[in-house]
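Work through the exercises below with the sequence and the coordinates open. Each task is followed by a worked solution.

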Amino acid sequence: PPIDIHEGPEGLILEADLPGVSEDRVVIQLEDNVLNLRAQPVAPVPEGARVLHEEVPPLPFHRQFILSDEVDRAGITAELRQ
């Protein structure tokens with residue numbers, strides 16, 4: 001999925017488009033100066049239905065970003081919208 005990074009008055013903002021991913025299926029970790037974003041989407045299946053054939057299964061997503069020493073690690077926050 002696409003990632004946008006931009007700088008605003010509040011600092012750096014990373015926006016990730018993660019369709020099919022709920023908040024409990026997103027992991028954000030900061031290890032040393034590496035920010036890891038992992039997500040596992042779930043294919044929507046109507047209630048009471050079962051998957052008989054799936055040509056494109058939802059694949060896990062992983063991206064890494066190296067942060068400069070100037071980034072305030074204590075100020076890092078995350079939120080999920082929509």
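**Exercise 1.** Describe the order of secondary structure elements in the protein chain.

Solution. Read from the N terminus, the elements run β-β-β-β-β. The count is 0 helices and 5 strands. The model is a predicted one.

**Exercise 2.** Compare the radius of gyration of the protein chain with that of a compact globule of 82 residues.

Solution. Step one is the reference: a compact globule of 82 residues would have a radius of gyration near 12 Å. Step two is the value for the protein chain, 16 Å. Step three is the box that the C-alpha atoms fill along the principal axes, roughly 50 × 25 × 20 Å. Step four turns to burial and surface. Buried residues are 13% of the 82 residues. The chain exposes about 7000 Å², with 50% of this area supplied by carbon and sulfur atoms. As for contacts with a separation of 6 or more, 38% of them join residues 24 or more positions apart.

**Exercise 3.** Find the largest nonpolar core and state which strand supplies the largest share of this core.

Solution. The core has 9 residues: Ile-3, Leu-18, Val-21, Leu-35, Leu-37, Ala-39, Phe-61, Phe-65 and Leu-67. Strand 4 (34-39) and strand 5 (61-66) each supply at least two of its residues. The largest share, 3 residues, comes from strand 4. Now take Val-21, one of the core residues. Setting aside neighbours within four places in sequence, Val-21 is in contact with Val-26, Ala-39, Gln-40, Pro-41 and Leu-80. Of these partners, Ala-39 is itself listed in the core.

**Exercise 4.** Locate Leu-12 and decide whether Leu-12 is buried or exposed.

Solution. Leu-12 lies in strand 2 (residues 11-16). The cut-off for exposed is over 50% relative accessible area. Leu-12 has 56% relative accessibility and therefore counts as exposed. Next, look for nonpolar company on the surface. Leu-12 forms a nonpolar patch there with Ile-5 and Leu-14, and the accessible area of the three together is about 280 Å².

**Exercise 5.** Which residue other than glycine, in the loop between strand 3 and strand 4, has a positive phi?

Solution. The residue is Asp-32, with phi near 55°. Asp-32 sits in the loop that joins strand 3 (26-31) to strand 4. Its relative accessible area is 73%, so Asp-32 is exposed.

**Exercise 6.** Place Pro-57 in the chain and give its C-alpha distance to Asp-69.

Solution. Pro-57 is in the loop between strand 4 and strand 5. With a relative accessible area of 37%, Pro-57 is partly exposed, since that class lies between the cut-offs of 20% and 50%. Pro-57 and Asp-69 are 12 residues apart in sequence. Their C-alpha atoms are 38 Å apart in space.

**Exercise 7.** How many salt bridges does a search of the whole structure find, and which side chains meet in a salt bridge?

Solution. The search finds 1 salt bridge. The side chains of Arg-81 and Glu-79 meet in it, at 2.7 Å from N to O. Check the distance against the cut-off: a salt bridge requires the two atoms within 4 Å. Finally, consider the surroundings of the pair: Arg-81 and Glu-79 are both exposed.

Technical notes
Residues are numbered from 1 along each chain as its sequence is written. This is a predicted model: local features need pLDDT of at least 70, side-chain atom pairs count only at pLDDT 80 or more; totals for chains, interfaces and linings use all residues. Side-chain values use heavy atoms; hydrogens and water are left out. Patches are made of residues with over 30% relative accessible area and no salt bridge: like charges are joined within 9 Å, nonpolar side chains (Val, Leu, Ile, Met, Phe, Trp, Tyr) within 5 Å. Accessible areas come from the Shrake-Rupley method with a 1.4 Å probe; for residues, only the protein chains shown count as cover. Helices (H or I, at least four residues) and strands (E, at least two) are DSSP runs, numbered from the N terminus. Buried means under 20% relative accessible area, exposed over 50%, partly exposed in between (1.4 Å probe, protein chains only). A nonpolar core is a set of buried Ala, Val, Leu, Ile, Met, Phe, Trp, Tyr and Cys residues joined through side-chain atoms within 4.5 Å. Contact means heavy atoms within 4.5 Å. The radius of gyration is taken over C-alpha atoms; the globule rule is 2.2 Å times the number of residues to the power 0.38.
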